[in-house]
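Let's take a walk through this model, one stop at a time. Have the viewer open and follow along.

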Amino acid sequence: MSTRLVTNTYMKQKILVFCLILSLVTIQFLDIKSAQAQLIGTRDIAFPVIGTVTYGDDFGDPRDGGKRAHEGNDILGKKMQQLVAAVDGTLDLVVYPEASWGYSITIEDKDGYKYNYLHMNNDTPGTDDAHGDGMNAYAIDILRGLPVVRGQFVGYMGDSGNAEGTSPHLHFEIRTPTGEPLNPYQSLKAAPRLTAPVARPPLPNETLPFGEFAGGMSVAAGNVDKDKNPEVVTGAGPGGGPLVRLYDDDRKKSLKDFYAYATNFTGGIDVAMGDVDDDGKDEIITAPGPGGGPHIKIFKSDGTVLKEFFAYDTSFTGGVNVAAGDLDNDGKAEIVTAPATSGGPHIKIFDGSGVLKKEFFAYDQNFQGGVDVAVAEKSSRKAGSIVTAPGIGGGSTIKIFDATGKMSKEFVAYDTNFNLGLRVSAGASSTSTSAKPQIAVMPAMGGGPHLKTFSILGKVDTSKLTAFEPWWRGGYDIAMDAGKIFIGSRAGRRASLRIPDSTSSRRSRR
């Protein structure tokens, strides 16, 4: 074979290899841009960010050194800028805990299109510490399965997940019902800009006893009409008037509402229910919060005052927590009180006429963080027990006492390091006459909506999240009766009354 022939063959091989490489690069480039070429359309959306931002048509741009294509548009702004729902729809995904791509949500509209919000904020405001948790990523009531309306506040812009180190931005995607990415650019260009989020409507699973009032509430459950279903009573928290509202167990309509104290008192009230006169119907008992005197009142379910008395010295203004139940097997509920703040862990037991029957200290006498109380009534006319839970600074030790003040059991409800106070309730595990009492516990603040129920011996029966977001740290009150549990939110969000939902304990991950 001649040298010229070898050279020509070699050159042809080089050209072939070059063309092959060029074709591969071209195919890869076309693949990267193919998403942009495949689907171009416009969806009727609201612009998903409030305030000044910048963005461009970066859909289909190469990412990770050309390994993948960008399947959305990056909207650049500032940390903690408000994000809103682009459409009416349902939250199909809420990522918690944080995933590799950060905090994110997915909203699905009625047509099956999905709108992805990625890299939501994970920092404590004013920092880049990545320790902001869900409280600084998401808005209230952003939980998988819940509805949202167009323009509703859903969370905050940030740089979480694999966007750490970049400028704060929202990676915004639109996907078709079959899951293919649709270039959002034209939809964003056509979208109207909002200057503020729209009002958040009530959710299907919540009752708002006090409208948009954000001071929280206290909750109690009992039976005012001798049927098998419990009623639930709510009292406004600090900042609201001393308004009491009574609901049937479906919580759809208020059966009665009245003011327990002067309408200008805004220290909040605690509520309880118990049959103090053995007529087979529970009465409503109230106690003022901090700033009010230790003025206990007993009402019939129609709001008529049956009895009133002072549980402590009239000069005490630390607030009072109250509970009721039959402690001595006489068919009549006793009233149990404890200081809500300061005052020491001073438990008092009164009969329905306000006569003091017994008093004792549930914890160290020097403890000033307040105590919550409940009464666990037993079936078949057996004497009930007093259940106590410490307030702020007291740990999480639940104690159980008999009517003489003798402790029969104690157990730790949460991690021993948790020190922000507990709320406690007790009630029958079902409507059966042989039902055993249960104790329900939730953090009063700072601990998330971690509902736990225990047997009267302190054995854990259930430990799950509730219908509230797992990252919310504003605190809760709890009531239980006849196998039903009612949860009321405390300060920091509108006062919302709900029942636990087993589906809400799922961890939503993409």
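Start in the loop that runs between strand 3 (73-76) and strand 4 (82-84), where you'll find M80. Keep in mind that what you're looking at is a predicted model. M80 isn't a glycine, yet its phi is positive, near 70°. That's worth a second look, since most residues other than glycine have a negative phi. Is M80 buried, exposed or partly exposed? With a relative accessible area of 24%, M80 is partly exposed, because that value lies between the 20% and 50% cut-offs.

Now jump to another loop, the one between strand 32 (476-481) and strand 33 (484-489), which holds A482. Here again phi is positive, about 50°, in a residue that is not a glycine. A482 has a relative accessibility of 16%, so it counts as buried, the limit for that label being under 20%.

There's an oddity of another kind in the loop between strand 5 (89-94) and strand 6 (103-108), the home of P97. The peptide bond joining Y96 and P97 is cis, with omega about 0°. For background, most peptide bonds are trans.

Next, the sheet built from strands in the order 20-21-22-23: an open sheet of 4 strands, with antiparallel pairing. At its edges sit strand 20 (320-325) and strand 23 (356-361), each of which pairs on one side only. Going from one strand to the next, the twist averages 20°. As a reminder, strands of a sheet pair through backbone hydrogen bonds. Zoom in on strand 20 and its partner strand 21 (residues 334-339): they're antiparallel and share 6 bridges. Which residue of strand 21 is the bridge partner of N321? It's A338.

Hang on to N321, since it also takes us to the second largest pocket. This pocket has a volume of about 590 Å³. It is lined by 34 residues, and those closest to its centre are N321, A340, T341, R423 and R490. Several strands supply at least two lining residues each, among them strand 20, along with strand 12 (217-222), strand 16 (269-274) and strand 28 (422-428). Strand 17 (283-288) and strand 24 (371-376) also do so.

What classes of residue make up that lining? Count 16 nonpolar, 14 polar and 4 charged residues. So strand 20 ties two of our stops together, as an edge strand of the open sheet and as a supplier of residues to the pocket lining.

Conventions. Residues numbered from 1 in each chain as written. Predicted model: local features only at pLDDT ≥ 70, side-chain atom pairs only at ≥ 80, totals over all residues. Heavy atoms only, no water. Pairing = 2+ DSSP bridges. Axes fitted to C-alpha atoms, helices over the stretch in contact; angles between N-to-C directions. 1 Å grid on protein atoms, 1.4 Å probe; cavity = no way out; pocket = protein on both sides within 12 Å on 5 of 7 lines; lining within 4 Å. Points joined across faces, edges and corners; volume = space filled by probe spheres on them. Nonpolar A, V, L, I, M, F, W, Y, C, P; charged D, E, K, R; others polar. Buried < 20%, exposed > 50% of the residue type's maximum accessible area, 1.4 Å probe, protein only.
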